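Student: I would like to go through this model with you and ask, for each label, what value it rests on.
Tutor: Then let us take the labels in turn.

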Amino acid sequence: MTIDSAAHAAPAAEAAATAAWWRDAVVYQVYLRSFADGNGDGIGDLVGLRARLPYLANLGVDALWLTPHYPSGGADGGYDVVDHRAVDPEYGSVEDVEALVVDAHALGLRVLLDIVPNHTSDQHRWFTEALADPGSPAARRYFFAEGSEHPPNNWQSLFGGPAWSRTPDGRWYLHMFAPEQPDLDWTDESVRADFEQTLRFWLDIGIDGFRVDVAYGLVKAPGLPDNPGSYSPTLFGHGPEQAMTWNRPEVHDIWRSWRAIVDSYPGERMLVGEVCLADLDQVALYSRPDELHQSFAFRLLKSGWDAHAFADAIDSALAAFRAVGAPVSWVLSNHDKDRQVSRFGGGAVGESRARAAALLMLMLPGSPYLYAGEELGLPQAHVPDEAKQDPIFFRSGGARPGRDGCRVPIPWHEGPDVGFSSDPQVPAWLPVPRGWSEYSVSRQAEDSGSVLRLYQRAISVRRDHPLLGSGDATVTVHGELLRVQVEDDHDAVTCWVNMGSAPAIVPAYGEVMLASDSRVLPTGGSVVLGAGTAVWIAE
Ligand code: NOJ
Ligand code: CA
């Protein structure tokens with residue numbers, strides 16, 4: 001079967017807009033708690049991150065996105081925010097964010113912060129006021145319902161169990177995630193006004209934009225009626241069966257007002273939204289010209305190692321975002337999903353497939369988001385149950401493993417302590433598996449065949465070649481081979497990925513620019529691709 005995506009000439013307005021940095025930026029997601037511990041308490045922090053910025057500059061990325069750095073109740077890895085205009089002392093101070101931005105900019109790196117508008121922590125001042133006084137203005141900022149025996153509707157928390165819990169005085173309150181994350185009611189004007197202040201607070205200190213958490217969820221159906229369909233808890237891929245909770249049309253108005261604020265600042269600030277809907281056409285609507293600049297296309301994050309699944313993911317994302325004139329934001333991994341080396345089979349097989357997938361993603365038109373550690377080929381870590389922190393594990397009674405395994409600290413050095421913490425005696429907040437020294441940055445930097453060196457090279461070649469990350473793409477499947485070609489009027493670059501289990505031969509009309517590993521062998525006019533490898537060819 002062949003899947004063709006129609007190549008379109010970019011209209012003039014779109015072509016003019018391609019200058020914006022974020023349209024083809026390589027963005028690196030820093031999981032702050034696990035990146036680098038600068039003060040020796042076993043927890044990653046802003047000082048540690050600042051010291052590692054040269055590593056990111058050297059990797060060649062354009063921007064970093066920082067997972068939440070706010071004071072937090074600690075129930076959901078920082079996504080339960082107590083104060084949106086402050087920094088958790090565990091991570092540092094507002095001055096540290098300012099210094100981070102200055103240092104990053106000096107190295108040519110932009111900085112995106114995470115913003116979490118769908119819910120607060122139950123320790124947020126508003127929620128404690130709302131608990132203390134049901135008639136207070138703060139109580140109108142959340143969803144409360146009078147106590148009856150059963151929850152007010154059939155909505156389920158994405159972390160498991162009902163989306164409603166009881167207050168000490170017997171009312172119900174809504175939380176689409178953990179009970180410690182009460183949902184905000186965005187029909188309340190003071191909620192809107194307060195978040196606008198938060199945007200300005202951080203934009204004023206010079207950050208380059210925000211990744212917007214749960215951007216598809218802020219508005220709920222009036223009256224909170226039951227959802228129509230049966231429910232399966234998952235963080236990705238919601239559809240019409242949960243139409244009362246997610247993707248309400250009114251949510252787009254919020255993004256229009258945020259866009260106006262962000263665009264009023266100089267320097268091309270930007271917003272990228274987390275929109276976990278199954279239908280990419282719906283996801284792309286969040287990136288219409290007057291809304292968020294980007295919304296993540298998560299389909300590759302969910303695709304198995306299969307040429308048709310990948311082709312469909314790429315084609316449908318390109319078509320959906322082309323229709324709104326926005327670039328695709330590609331994601332192979334993040335802090336919510338098992339790492340790709342493990343997803344693609346684990347061990348040497350998983351690693352070679354992950355290398356090939358990286359080459360593919362780094363040539364697609366749009367903006368790839370890398371998750372800290374994927375450039376080291378880290379597998380999903382085994383985290384013993386007693387060390388687990390993720391509410392998904394606890395709320396499911398241990399039935400779901402949770403997300404800790406993709407959040408384990410980065411190994412920087414060889415040796416038993418792997419150099420994550422400035423104090424080698426202090427254990428990291430999540431245990432680093434034995435043997436992870438072999439994935440360390442210091443070791444991979446010395447090894448020209450390492451995953452790290454492949455990412456570095458791919459990003460550097462991409463930087464130097466005008467077609468990589470832009471151009472018009474054509475996606476085809478040939479047996480178990482996936483072929484993506486990007487082209488303009490003069491040149492073309494082809495990426496072949498062998499997604500089968502045996503070597504395959506592909507034609508090569510031009511020069512081999514980059515191979516995912518040493519099992520890619522050019523042989524005059526053609527290239528032998530080992531199973532699970534990829535190649536870039538300049539045609
Ligand atoms: C999406 C975030 O990526 C995830 O980590 C978090 O648990 C939920 N949103 C709730 O904020
Ligand atoms: Ca620390």
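Student: Across which strands does helix H10 lie, and at what angle does H10 run to S10?
Tutor: In this predicted model, helix H10, residues 307-322, lies across S9 and strand S10 (329-331), and the helix runs at about 155 degrees to S10.

Student: How do you know that S8 and S9 are paired?
Tutor: Pairing requires at least two bridges found by DSSP, and two bridges join strand S8 (residues 270-273) to strand S9 (residues 294-297), so the two count as paired, and they run parallel. Within this pair, Val272 stands opposite Gln294 in S9.

Student: Into what do the eight strands close, and in which order?
Tutor: They close into a barrel in the order S1-S2-S3-S7-S8-S9-S10-S11, with parallel pairing, and the twist averages 25 degrees from one strand to the next.

Student: Why is Cys276 in no disulfide?
Tutor: A disulfide needs two cysteine sulfur atoms within 2.5 Å, whereas the nearest cysteine sulfur to Cys276, that of Cys406, is 14 Å away, so Cys276 is in none. By this rule the count comes to zero disulfides.

Student: Why is Cys276 called buried?
Tutor: Its relative accessible area is 1%, and buried means under 20%, so Cys276 meets the criterion. Cys495, at 0%, therefore counts as buried by that rule.

Student: What makes Asp37 and Ile43 donors to the calcium ion (ligand 2)?
Tutor: For calcium the limit is 3.2 Å, and Asp37 (OD), Asn39 (OD1), Asp41 (OD), Ile43 (O) and Asp45 (OD) coordinate the ion at 2.2 to 2.3 Å, so these atoms qualify as donors. In sequence the donor residues are spaced D-x1-N-x1-D-x1-I-x1-D, and both Asp37 and Asp45 are buried.

Conventions: Residues are numbered from 1 along each chain as its sequence is written. Chains are lettered from A and ligands numbered from 1 in the order in which they are written. This is a predicted model: local features need pLDDT of at least 70, side-chain atom pairs count only at pLDDT 80 or more; totals for chains, interfaces and linings use all residues. Side-chain values use heavy atoms; hydrogens and water are left out. Buried means under 20% relative accessible area, exposed over 50%, partly exposed in between (1.4 Å probe, protein chains only). Donors are N, O and S atoms within 2.8 Å of the metal (3.2 Å for Na, K and Ca); water is not among the atoms, so sites may look incomplete. Helices (H or I, at least four residues) and strands (E, at least two) are DSSP runs, numbered from the N terminus. Axes are lines fitted to C-alpha atoms, for helices over the stretch in contact, and angles run from 0 to 180 degrees between N-to-C directions. Contact means heavy atoms within 4.5 Å.
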